[in-house]
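Reader: I am new to reading structures, and I would like to learn how to go from a picture on the screen to careful statements. Could we take one example and work through it together?

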Amino acid sequence: MSLTLLNVIVAVVIAIAFAALNAAYLVWAERRGAARIQRRPGPNINGPFGLLQPPLDGIKLMAKQLTIPGGADKVLFIAAPVLAMFPAIMSFVTIPFSESIVAKNMNVGVLMIFAFASTGSMALVFAGWSSRNKYAMMSSVRAVSQAVAYEIPMLITTITVVMIAGSTDLMEIVRQQSGSILHWNIFPVLGNSHNLLMPMSFLIFFTCTLAETNRAPFDLGEAESELVAGFHTEYGSMGFGLFFMGEYANIVIGSCMTTILFLGGWNAPLPFLGFIPGIFWFLLKLYLLIATFIWIRWTFPRTTIYGLLNLSWKILIPLSLFNLLFTAGLIKVF
Amino acid sequence: MITYFTDIYHGLISLFIGMGITFKEFFSPTVTVSYPYETLTMCDRYRGHTQLIANEEGKPNCVVCGLCEKACPSNCISLAGEKPEGGKKKVLTKYILDFTRCSLCGSCVESCNFNALEFSKEYNLASTRKEDFIFDLLKRLEEKNK
């Protein structure tokens with residue numbers, strides 16, 4: 001018993017280390033990627049290719065003082081950044097990286113991840129409310145409407161996938177997509193569903209992930225041209241650092257979920273490539289998705305708040321609802 | 001109803017076109033240089049502050065006619081010269097350019113008939129003191145000759 005407990009603790013520590021390392025080095029990847037797209041070199045002074053930039057940024061942030069603005073709600077103000085980082089780390093516990101690499105598999109893994117993901121937007125609300133700053137307040141108002149608008153289509157598309165798999169266990173969902181690229185939920189020619197609308201479902205889910213993680217072009221919560229920095233206007237030092245790391249950890253979680261639900265998790269795209277370990281395929285898909293996140297951020301300008309809400313209520317929700325009914329019909333037929 | 005779907009379709013296509021453009025840019029070479037470590041050579045028509053042109057012996061071409069001083073609309077230039085013992089031409093002894101007032105209009109360069117004045121390619125001009133922008137162009141020429 002004590003041995004299994006130890007195993008779980010070690011696995012959780014590894015999950016936390018993975019989240020933190022990813023958060024740190026995605027900042028570097030983001031800055032280098034942005035620079036490449038804008039045709040400049042990017043951070044290249046500290047260490048080879050600027051690889052020492054993230055630890056140095058971290059040291060700088062840790063060395064600074066955490067100031068609490070006058071009249072702020074102190075408890076919430078300090079709790080908010082922790083709350084931003086905590087759900088992202090917790091979600092890693094149940095993500096299956098391969099057949100054997102998973103900290104703690106649960107039969108309600110999908111539910112758990114979405115439960116934690118929705119507490120992520122609570123962090124933004126707390127931060128905006130407790131800062132006693134009008135810009136932060138505006139930002140949290142936006143964060144609420146955005147979270148409400150985008151969690152609905154996201155959950156509907158997830159339900160579609162859960163219906164196809166017949167399980168909320170993440171490992172089971174991945175196992176059902178094994179075989180080849182044609183068994184994955186995104187190209188469901190040979191898989192459980194023969195639903196040819198699944199690529200659309202994938203796009204809806206991916207768009208919602210972008211919006212849920214407050215990434216450009218949906219980063220209205222921190223629209224710096226209107227709201228200074230949005231919810232983290234009043235945060236300095238590691239308070240800001242945690243928000244920043246939480247954002248990147250959420251991106252990793254979002255990409256993990258997209259990989260698991262639509263891209264076949266750790267499965268190889270072609271059967272004869274099955275000799276390569278699953279973790280390789282999982283990380284390959286994961287980082288391709290993350291690269292797409294960065295690519296999208298530096299391609300599209302920020303939308304307006306009306307554009308954002310219209311996209312969700314007028315396009316994503318009707319289409320995802322239609323897909324849900326269509327899939328239900330197909331499952332009944334076949 | 002049809003416009004609803006065509007709008008979605010065209011919107012989606014335009015997003016992919018945009019992403020195609022940034023994808024191409026990603027693999028294009030960088031156009032900037034890391035400034036303090038690398039510098040660009042200034043183009044031919046770049047206007048830095050003026051400087052004197054030397055002849056083959058390293059002496060200024062200037063004959064102290066004073067046309068540049070007269071041409072300057074902001075009175076930035078003050079120069080002096082003297083005729084040496086036994087010499088025919090006047091020799092420049094002082095050429096002060098007050099760069100705090102210069103607007104780089106180029107009237108001085110235009111007015112010079114003896115090919116004695118040109119724009120330099122100097123652009124690293126930052127200082128906290130006003131006096132640093134009053135240039136002694138004769139001294140500058142001597143330093144350049146060393």
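**Reading a helix and its surroundings**

Author: Let us begin inside chain A, where the buried residues of α7(A) are covered by, among others, α4 (109-130), α5 (134-165), α9 (237-262), α10 (278-297) and α11 (305-333) of chain A. Please keep in mind throughout that this is a predicted model.

Reader: Which residues of α7(A) are buried?

Author: The general idea is to count the C-beta atoms around each residue, and a residue with 20 or more others within 10 Å is called buried. In α7(A) the buried residues are Met198(A), Ser201(A), Phe202(A), Ile204(A), Phe205(A), Phe206(A), Thr207(A), Cys208(A), Thr209(A), Leu210(A), Ala211(A) and Glu212(A). Because twelve of its 15 residues are buried, α7(A) is largely enclosed by the rest of the structure.

Reader: What does the length of helix α7 of chain A tell me?

Author: One compares the distance between the end C-alpha atoms with the span expected at 1.5 Å a residue. Helix α7 of chain A, residues 198-212, reaches 20 Å from its first C-alpha to its last, which is close to the expected 21 Å. For the 22 residues of α4(A) the expected span is 32 Å, and the end C-alpha atoms are indeed 32 Å apart, so the two values agree. It is also worth looking at what comes after a helix: α7(A) is followed by Asn214(A), with a positive phi near 55°, and just after α4(A) there is Arg132(A), whose phi is positive at about 55°.

Reader: How would I describe a single residue, and is Thr160(A), for example, buried or exposed?

Author: First find its element, then its neighbours, then its contacts. Thr160(A) lies in helix α5 of chain A, and it counts as buried because it has 28 C-beta neighbours inside 10 Å. Setting aside the residues within four places in sequence, Thr160(A) is in contact with Ser201(A), Asn323(A), Leu324(A) and Thr327(A); of these, Ser201(A) is one of the buried residues of α7(A). Leu330(A), which is in helix α11 of chain A, is partly exposed, with 18 other C-beta atoms within 10 Å.

Reader: What can distances in space add to positions in sequence?

Author: They show how the chain folds back, and two pairs serve as examples. Leu330(A) and Ile164(A) are 166 residues apart in sequence, yet their C-alpha atoms are 9.6 Å apart in space. Thr160(A) and Leu273(A), with their positions 113 residues apart along the chain, have C-alpha atoms separated by 29 Å.

Reader: How many helices and strands does chain A have, and what is its overall shape?

Author: Chain A has eleven helices and zero strands. Its radius of gyration is 20 Å, close to the 20 Å from the globule rule for 334 residues, so chain A is as compact as a globular protein of that length. Along the principal axes, its C-alpha trace spans about 65 × 50 × 45 Å. Buried residues make up 45% of the 334 residues, and of the contacts in chain A with a separation of 6 or more, 75% come from residues 24 or more positions apart.

Reader: What do the same steps give for chain B?

Author: Chain B has four helices and five strands, which run α-β-α-β-β-α-β-β-α from the N terminus on. A compact globule of 146 residues would have a radius of gyration near 15 Å, whereas chain B has 26 Å, and its C-alpha atoms fill a box of roughly 95 × 30 × 30 Å along the principal axes. Chain B is divided into domain 1 (1-31) and domain 2 (50-145), and the centres of these two domains are 56 Å apart. Buried residues make up 13% of the 146 residues in chain B.

Reader: How many residues does each chain bring to the contact between them?

Author: Eleven residues come from chain A and eleven from chain B. On the side of chain A that touches chain B there are six nonpolar, two polar and three charged residues.

Reader: Finally, how should I read the confidence values?

Author: Where pLDDT is low, the predicted coordinates should not be read in detail. Chain B averages a pLDDT of 85, and 100% of its residues score at least 70. Among the elements of chain B, helix α4 (residues 137-145) has the lowest mean pLDDT, 81, and helix α3 (residues 107-111) has the highest, 89. The model as a whole scores ipTM 0.73 and pTM 0.78.

Definitions and conventions:
Residues numbered from 1 in each chain as written. Chains lettered and ligands numbered in written order. Predicted model: local features only at pLDDT ≥ 70, side-chain atom pairs only at ≥ 80, totals over all residues. Domains from an automatic or database assignment. Contact = placed C-beta atoms within 7 Å. Nonpolar A, V, L, I, M, F, W, Y, C, P; charged D, E, K, R; others polar. pLDDT = per-residue confidence, 0-100. Helix = DSSP H or I, 4+ residues; strand = E, 2+ residues; numbered from the N terminus. Expected span 1.5 Å × (residues − 1). Rg over C-alpha atoms; globule rule 2.2 N^0.38 Å.
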